[in-house]
Amino acid sequence: MIQPVILCGGSGTRLWPLSRPERPKPFLNLLGDRTLFQQTLDRVADRSRFAEPIVVAGEAHASLVADQAGSHSLIVEPAARNTAPAIALAAARLPPESIMLVCPSDHHIADEASLVRAVDQAGALAQEGWLVCLGVTPDRPETGYGYVEMGESLRSGSRVARFIEKPDADAARDYLSRGGFVWNAGIFVLRAGDYLTQLERHRPAMVRQVRSSTKNGTDTGSIFHPAAAEFLSIEAESVDYALMEHTDRAAVIAADMGWSDIGNWDALAAIRRADEEGNIVAAKEAELIDCRRVMIQSDGPGVSAVGLRDVTIVVDGDEILVIARGSAAGVAKLGGAKGK
């Protein structure tokens with residue numbers, strides 16, 4: 001039985017104005033009738049294979065989790081401290097032998113069967129003490145993702161040779177042509193006890209503070225509140241920086257699962273269904289004349305466009321965003337997205 005741990009964090013500023021701090025990306029209906037968070041839960045709904053999920057989220061989003069999730073348990077973070085402490089909170093609440101499937105709550109996976117196969121393979125490695133990350137075989141020289149270089153082969157998967165931060169275009173092209181590199185999907189399979197043991201070797205203060213916060217926390221049945229004072233003293237750090245880049249027990253399994261982190265409007269357009277002109281309409285009323293590769297997203301007002309090429313138009317409440325395709329990464333720099 002594998003224990004899903006669903007991480008609900010991040011502000012989703014690159015999908016502003018639809019994604020906002022009070023209503024971030026995981027809880028939006030971007031692809032179909034179910035939110036990204038609900039689709040993540042759906043992927044681990046088979047109770048013959050997966051245990052009831054543990055969700056880790058901040059207080060501001062606890063009500064959204066309650067509204068959208070079925071049966072689950074919730075760990076409410078006193079403050080955002082990135083993924084390494086969040087995973088440690090869940091691990092500290094589980095038996096050491098528990099195999100955790102750690103998933104972001106806001107990613108898209110088109111081929112769920114491939115994900116399940118990869119998780120099964122990763123679970124076998126986790127039983128041997130490996131900390132396994134899932135990678136995605138790249139199909140383009142993407143500069144917006146981190147990469148993992150695969151090393152020595154294991155009976156399934158490979159040792160991690162190195163983790164690589166988002167590369168420049170030349171390096172990304174080199175990785176694609178050479179092979180042996182995968183995108184880091186941010187999905188991990190590992191035993192709870194192994195995670196804490198390895199993390200303690202590299203970040204002993206973090207583990208000490210997590211254990212203290214867990215010991216002194218408040219359990220109200222399905223909701224657990226770690227002790228705030230201890231948790232607030234933790235330094236925020238991602239699991240990659242805190243552990244995976246340092247441990248000698250890191251492994252990787254490549255999975256062609258139709259993965260996207262939906263990191264910005266361009267990424268969302270790439271996985272939505274377009275018409276024969278490449279246009280995408282997610283609005284009750286829209287009229288496009290002589291337009292190519294235009295995406296319109298509106299929560300109400302009708303949108304009309306004439307003669308546009310490679311443009312995304314977003315209308316949400318009192319905010320309107322117009323961006324050229326290829327410029328979506330700059331949305332997070334806008335004043336509205338930063339809360340100004």
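These are my notes on how helix α3 packs against two other helices, and on the nonpolar cores.

I worked from a predicted model, in which local features need pLDDT of at least 70, side-chain atom pairs count only at pLDDT 80 or more, and totals for chains, interfaces and linings use all residues. Residues are numbered from 1 along each chain as its sequence is written, and side-chain values use heavy atoms, with hydrogens and water left out.

Entry 1, α3 and α7. I looked up helix α3 (residues 83-92) and helix α7 (residues 204-215), helices being DSSP runs of H or I with at least four residues, and found their axes 10 Å apart at an angle of about 50°. Angles are taken between N-to-C directions, from 0 to 180 degrees, along lines fitted to C-alpha atoms over the stretch in contact. That makes α3 oblique to α7 (not under 35, over 145, or 65 to 115 degrees). In contact, meaning heavy atoms within 4.5 Å, Ala 84, Pro 85, Ala 88, Leu 89 and Ala 92 of α3 meet Met 206, Val 210 and Thr 214 of α7.

Entry 2, α3 and α6. I then took helix α6 (residues 192-202), whose axis comes within 9 Å of that of α3 and crosses it at roughly 130°; this pair is therefore oblique as well. From α6, Ala 192, Tyr 195, Leu 196 and Leu 199 take part, meeting α3 residues that include Ile 87 and Ala 91.

Entry 3, cores. In the largest nonpolar core (buried nonpolar residues, under 20% relative accessible area with a 1.4 Å probe, joined through side-chain atoms within 4.5 Å), I noted 47 residues, of which Phe 37, Val 65, Leu 101 and Met 257 touch the most other members.

Technical notes: Buried means under 20% relative accessible area, exposed over 50%, partly exposed in between (1.4 Å probe, protein chains only).
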